[in-house]
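Trainee: Could you take me through one part of this protein up close? I would like to see how a single residue fits into the whole.

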Amino acid sequence: MNEVLKKIQEIGIVPVVVLNDAKDAAPLAKALCDGGLPCAEVTFRTAAAEESIRIMTKEFPEMLVGAGTVLTTEQVDRAVAAGAKFIVSPGLNPRIVKYCVEKGILITPGCTNPSDIEQALENGLEVVKFFPAEPAGGLKMIKAMAAPYVGVKFMPTGGINASNVREYLAYDRIIACGGSWMVKGDLVDAGEFDKITELTREAVEIVKESRGK
């Protein structure tokens, strides 16, 4: 498995971050690191994403920072130039996947059906995002798709929170879960970084419990 994927698997939960202002990037990164989750998927839904990735990777080099909601090859280039170590997309765009694979950039595209997974396999991928996880059938759907595709592992995101993440992580074909419950926008906007650290610590404990550590 790719080294970045191994690190994501060790961490277990990837905080999915939406930042409206890059000034919040450093305190949020510190809150996540202090809480024991030195990882973030910064979504390209806002204009602050690129600069936020740049700040996080520069000021917290121990963090594994990726870019989410990447929809164009231009965004791939901007994210990687800013320091992103992995790319996540909500769906599987063959052109973007091929672009990342050819450049040696880790990408986990969103897949919700066997056809998506077969396209991912065609491009040599071994881990896919399952999105939106809960609306698309949750763990039951992942297990059904995992059966014929024995070499594929999943990173479910969407509707996952502190109450259901345990059951996902207990399944050995899931390397990690994406979630935003510990980095909710209202907490970030209000500057409640202590609360984010507290919720992050709780998430880390859930990972340990789920994996029997």
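**A close look at Asp189**

Mentor: Happy to! Let's set the scene before we zoom in. The protein's secondary structure comes to 10 helices and eight strands, and please keep in mind that this is a predicted model. Taken along the principal axes, the C-alpha atoms fill a box of roughly 45 × 40 × 30 Å. A compact globule with 213 residues would have a radius of gyration near 17 Å, and the protein has 16 Å, so the two agree. Of those 213 residues, 55% count as buried.

Now for our residue. Asp189 is found in helix α9, which covers residues 185–189. Is Asp189 buried or exposed? Its relative accessibility is 52%, and exposed means over 50%, so Asp189 counts as exposed. Look around it on the surface and you will find a patch of negative charge, where Asp189 gathers with Asp21, Asp186 and Glu192.

For contrast, turn to Thr43. This residue lies in strand β2, residues 39–43. Thr43 has 1% relative accessibility, and because buried means under 20%, Thr43 counts as buried. You can also use Thr43 to see how the chain folds back on distance along the sequence: Thr43 and Val17 are 26 residues apart in sequence, and their C-alpha atoms are 6.1 Å apart in space.

So, to put the two side by side: Asp189 counts as exposed, whereas Thr43 counts as buried.

Key. Residues are numbered from 1 along each chain as its sequence is written. This is a predicted model: local features need pLDDT of at least 70, side-chain atom pairs count only at pLDDT 80 or more; totals for chains, interfaces and linings use all residues. Side-chain values use heavy atoms; hydrogens and water are left out. Patches are made of residues with over 30% relative accessible area and no salt bridge: like charges are joined within 9 Å, nonpolar side chains (Val, Leu, Ile, Met, Phe, Trp, Tyr) within 5 Å. Accessible areas come from the Shrake-Rupley method with a 1.4 Å probe; for residues, only the protein chains shown count as cover. A salt bridge is a side-chain nitrogen of Lys or Arg within 4 Å of a carboxyl oxygen of Asp or Glu. Lys and Arg count as positive and Asp and Glu as negative; His and the chain ends are not counted. The place of a charge is taken as NZ of Lys, CZ of Arg, CG of Asp or CD of Glu. Helices (H or I, at least four residues) and strands (E, at least two) are DSSP runs, numbered from the N terminus. Buried means under 20% relative accessible area, exposed over 50%, partly exposed in between (1.4 Å probe, protein chains only). The radius of gyration is taken over C-alpha atoms; the globule rule is 2.2 Å times the number of residues to the power 0.38.
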